[in-house]
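Grab the model and work through these exercises with me. Each one sets a task and then walks through a solution.

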Amino acid sequence: MKKICLLFLILPSILIFQSCNNISSSTKTTKNDSNQDANIERKVDSVLALMNLNEKIGQMVQYAASWDVTGPASSEGNKFKEEKLKKGEVGSMLNVTSVKAVREAQKLVMENSRLKIPLIFGYDVIHGYETIFPIPLGESASWDLEIIRKSAEVAAIETSAAGVQWTFAPMLDVSRDARWGRIMEGAGEDPYLSSKIGVARINGFQGDDLSKNNTIAACAKHFAGYGFGEAGRDYNTVNIGEHELHNAVLPPFKAAAEAGVATFMNSFNEIDGIPATASKKLQRDLLKGEWAWNGFVVSDWASIAEMIAHGYAKDKKHAAELALNAGSDMDMESYAYEAELEKLLEENKVKLSDIDDAVRRILRVKFQLGLFDDPYRYCDEEREKNEIYTKEHLEIARDVAKKSIVLLKNDTVTTKKSALLPLSKSVKSIAVIGPLADDKDTPLGNWRGKGKYNSAVSLLEGVKSAAGDDTKIYYEKGIELTSKTVAPGENQFLHLMEFNTTDRSGISAAVAAAKKADVVLLAIGENAFQTGEGRSQTKIGFAGLQQELLEAVYAVNKNVVIVLMNGRPMDITWAAENVPTILECWHLGSQSGFAIADVLFGDYNPSGKLPVSFPYNVGQEPLYYNQKSTGRPMSTQVTYSGYNDAPKVALYPFGHGLSYTNFSYGNVSLDKAEMAKDGEIQVSVNVTNNGTRDGEEVVQLYIRDLVGSLTRPIKELKGFEKTMLKAGESKVISFTINTETLQFYTAKNKWEVEPGDFNVWVGGSSTTKNKAEFVVN
Ligand code: NOJ
């Protein structure tokens with residue numbers, strides 16, 4: 001604070017003086033505080049008034065710490081960045097982590113530049129900083145908004161304790177394609193669920209006061225359409241109609257803007273011929289215009305320069321012009337703004353008012369974070385020492401992880417006359433088999449922040465800690481999953497994985513272990529780096545020799561529980577048709593093995609539900625429950641919209657997930673059968689826990705608008721409630737249907753409710769048949 005005031009005092013202006021007095025007051029997030037907002041606006045204006053053009057353009061530049069677009073940076077490259085920092089011609093840095101590193105970089109600016117405008121530091125904290133939580137797709141399977149908020153809050157505490165005050169999360173890209181590696185980073189295929197989960201994550205990161213030193217700015221990404229790349233290929237072309245864009249892709253982003261997310265990131269893909277980075281329609285007209293959102297938009301990594309490769313910009317200068325005019329405020333690692341904006345301004349190809357607007361937005365967020373009060377606000381060595389990877393955070397990670405597990409299948413096995421799960425703690429023997437059974441790294445998942453190599457609790461460790469003293473545990477790895485993976489500390493973006501393993505020498509030992517055990521826990525699925533950015537696949541079954549291992553083990557012992565660890569919906573059809581029990585465990589993070597054991601032994605009754613559909617085979621992709629009917633939904637002849645060689649529905653549908661108890665649903669009851677367009681209907685259902693164990697159920701509400709000015713999906717999730725029911729207990733769960741539930745982006749290009757007939761379903765998955773009908777007048 002002192003430094004900034006000193007600086008301002010050089011320039012005699014009442015405005016500036018006022019600004020210094022106000023600068024020390026604490027600042028709040030964008031939510032509902034008009035006095036604070038007005039205060040911040042005054043301060044932003046007063047700083048902007050001091051800035052020359054180079055300093056303004058500098059605020060719009062973001063550099064990475066240690067590597068540039070073409071690969072690891074040379075020390076020369078970093079030297080150049082250092083000089084720019086000293087001149088105050090950089091607004092932000094990414095990938096600078098630790099209090100020491102942040103302090104050093106911030107000092108370059110604070111001790112050398114003319115205006116001493118603090119940097120904002122960003123980092124990809126996607127599912128935890130060092131305490132690693134389940135991958136976002138897995139965590140979304142909890143349908144538990146409070147624990148999702150909590151996990152983001154813990155991530156914010158750890159991130160800010162390491163000096164960083166901005167995460168590039170949450171990813172809000174709805175995705176319907178299991179081939180897309182980044183499906184692991186979102187909340188699945190449904191816009192409503194993605195909106196709710198996105199807002200929970202934003203609230204967790206940002207808290208209710210962005211200026212606190214333990215909350216961080218969030219970033220809604222990737223705006224927009226990135227999850228709809230053709231053929232599931234990362235960065236690929238998106239062809240999506242205007243209405244589908246509004247109805248299926250944009251809702252989570254609108255919800256994020258309304259929740260006061262501090263920043264947005266645009267996306268690599270084009271939509272309908274226009275790269276999102278150059279989309280004025282999305283950024284300037286919709287986000288900043290219609291939605292009146294006042295944060296700043298950062299480009300994705302080099303997405304401005306990549307418009308040259310897209311064939312949309314003829315050179316970097318043209319790319320900078322397109323991006324700024326479209327409303328991209330900050331240039332992440334394209335070096336386009338710093339090189340070209342001044343010339344573009346001279347040539348009248350961009351407007352000073354647009355540069356000012358971008359700078360204003362960036363300064364606003366810096367004020368909200370309290371960085372002008374104290375540029376070292378997040379640099380607290382004590383916090384760094386005491387608040388990262390704590391016991392308490394690990395306990396929360398275990399809680400989130402166990403709630404993210406989905407019991408896909410748990411059939412009664414004839415020899416036991418019961419299902420395999422939950423396991424009794426006095427089971428005589430367990431064979432823990434598979435390439436992922438004692439893997440302490442894969443559960444950390446792809447975007448593992450500062451999660452340390454091999455730091456997760458493995459399944460084997462979890463089972464050993466939970467099983468009774470007399471239980472014999474036989475462990476056999478059987479096979480290696482990969483022939484080449486990403487080595488510890490290696491930059492994963494530079495390496496592909498390989499699965500051409502041929503070593504079968506461990507299979508016989510695995511079979512022998514399976515033969516002598518009461519039950520087999522078979523840990524198979526995907527390596528951590530099979531999903532994530534750039535990890536698209538055309539095959540989504542068990543890679544390498546895993547299927548062979550599965551069949552060999554199953555041949556000698558039918559009591560197999562598959563413990564599936566993966567980042568995308570997989571083709572597990574053979575397993576589903578043969579093996580009695582499948583537990584979907586995603587990549588669950590630091591506490592993976594403990595959380596899985598909690599569920600295996602029944603210390604926790606599984607409550608997760610799928611946020612994505614699991615196909616019978618990859619040829620069905622993109623597959624999603626909320627599809628359209630088509631003119632030929634079914635027929636007794638071949639000429640209908642299906643396949644000759646596979647079902648058209650999912651193997652495990654969206655919303656599916658079992659429990660160790662059974663829930664039954666009463667009929668859907670409505671308080672009236674008709675409503676006005678702006679009216680309401682109350683929907684209630686009696687839900688009963690018929691079993692002998694307490695358990696949580698995710699009660700889901702779906703609707704269908706039968707006839708519209710545009711065709712409507714056959715079912716759409718519009719509400720859910722996760723509720724605990726004691727054994728034998730019944731509860732009435734109620735939902736309100738109103739305008740918000742029924743509106744869609746219609747043929748008139750407006751969000752509105754259209755009169756007509758509707759169906760409403762309430763049940764435990766998207767395939768529920770528990771239906772009622774009503775009319776909107
Ligand atoms: C590219 C990714 O698409 C984006 O999500 C990420 O935040 C940036 N790289 C920065 O690492």
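**Exercise 1. Are Cys 219 and Cys 585 buried or exposed, and how many disulfides does a search of the whole structure find?**

Step 1: Cys 219 has a relative accessible area of 0%, so it is buried (buried is under 20% relative accessible area, exposed over 50%, partly exposed in between, with a 1.4 Å probe and protein chains only).
Step 2: Cys 585, at 1%, is buried too.
Step 3: The disulfide search comes back with 0 hits, a disulfide being a pair of cysteine sulfur atoms within 2.5 Å.

A word on ground rules: this is a predicted model, where local features need pLDDT of at least 70 and side-chain atom pairs count only at pLDDT 80 or more, while totals for chains, interfaces and linings use all residues. Residues are numbered from 1 along each chain as its sequence is written, and side-chain values use heavy atoms, with hydrogens and water left out.

**Exercise 2. Which residues are around the ligand, and what lies 2.6 Å from an oxygen atom of the ligand?**

Step 1: List the neighbours, using a heavy atom within 4 Å as the test. They are Leu 94, Asp 124, Phe 168, Arg 182, Lys 221, His 222, Met 265, Phe 268, Asp 300, Trp 301, Met 332 and Glu 533.
Step 2: Check the polar atoms. His 222 puts a polar side-chain atom 2.6 Å from a ligand oxygen, and Asp 300 has one at 2.6 Å from a ligand oxygen as well.
Step 3: Add Lys 221, with a side-chain N or O atom 2.7 Å from an oxygen of the ligand.

**Exercise 3. How many residues of helix H11 are buried, and what do they pack against?**

Step 1: Find H11 at residues 251–258 (helices are DSSP runs of H or I, at least four residues; strands are runs of E, at least two; both are numbered from the N terminus).
Step 2: Count the covered positions: 6 of its 8 residues are buried, namely Pro 251, Pro 252, Phe 253, Ala 255, Ala 256 and Ala 257.
Step 3: Look at what they contact (heavy atoms within 4.5 Å). The partners include helix H9 (191–206), strand S7 (219–223), helix H10 (242–249) and strand S29 (751–752).
Step 4: Move past the helix: Gly 260 follows H11 and has a positive phi, near 85°.

**Exercise 4. Where is Ser 328 found, and what does its side chain join in a polar contact?**

Step 1: Ser 328 sits in the loop between helix H14 (316–326) and strand S12 (331–332).
Step 2: Its relative accessibility is 0%, so Ser 328 counts as buried.
Step 3: A polar contact of 3.0 Å links its side chain to that of Gln 283 (N or O atoms within 3.5 Å; within protein, one must be able to donate a hydrogen and the other to accept it, and residues adjacent in sequence count only if both atoms are side-chain atoms).

**Exercise 5. What is the strand order of the open sheet of 5 strands, and which strands stand at the edges?**

Step 1: The order reads S23-S31-S30-S25-S26, with mixed pairing (two strands pair if DSSP finds at least two bridges between them).
Step 2: Strands S23 (674–675) and S26 (716–725) are at the edges; each has a single partner strand, so one side of each lacks a neighbour in the sheet.
Step 3: S23 pairs with S31 (residues 771–776) in the parallel sense over 2 bridges, and Glu 674 has Val 775 of S31 as its bridge partner.
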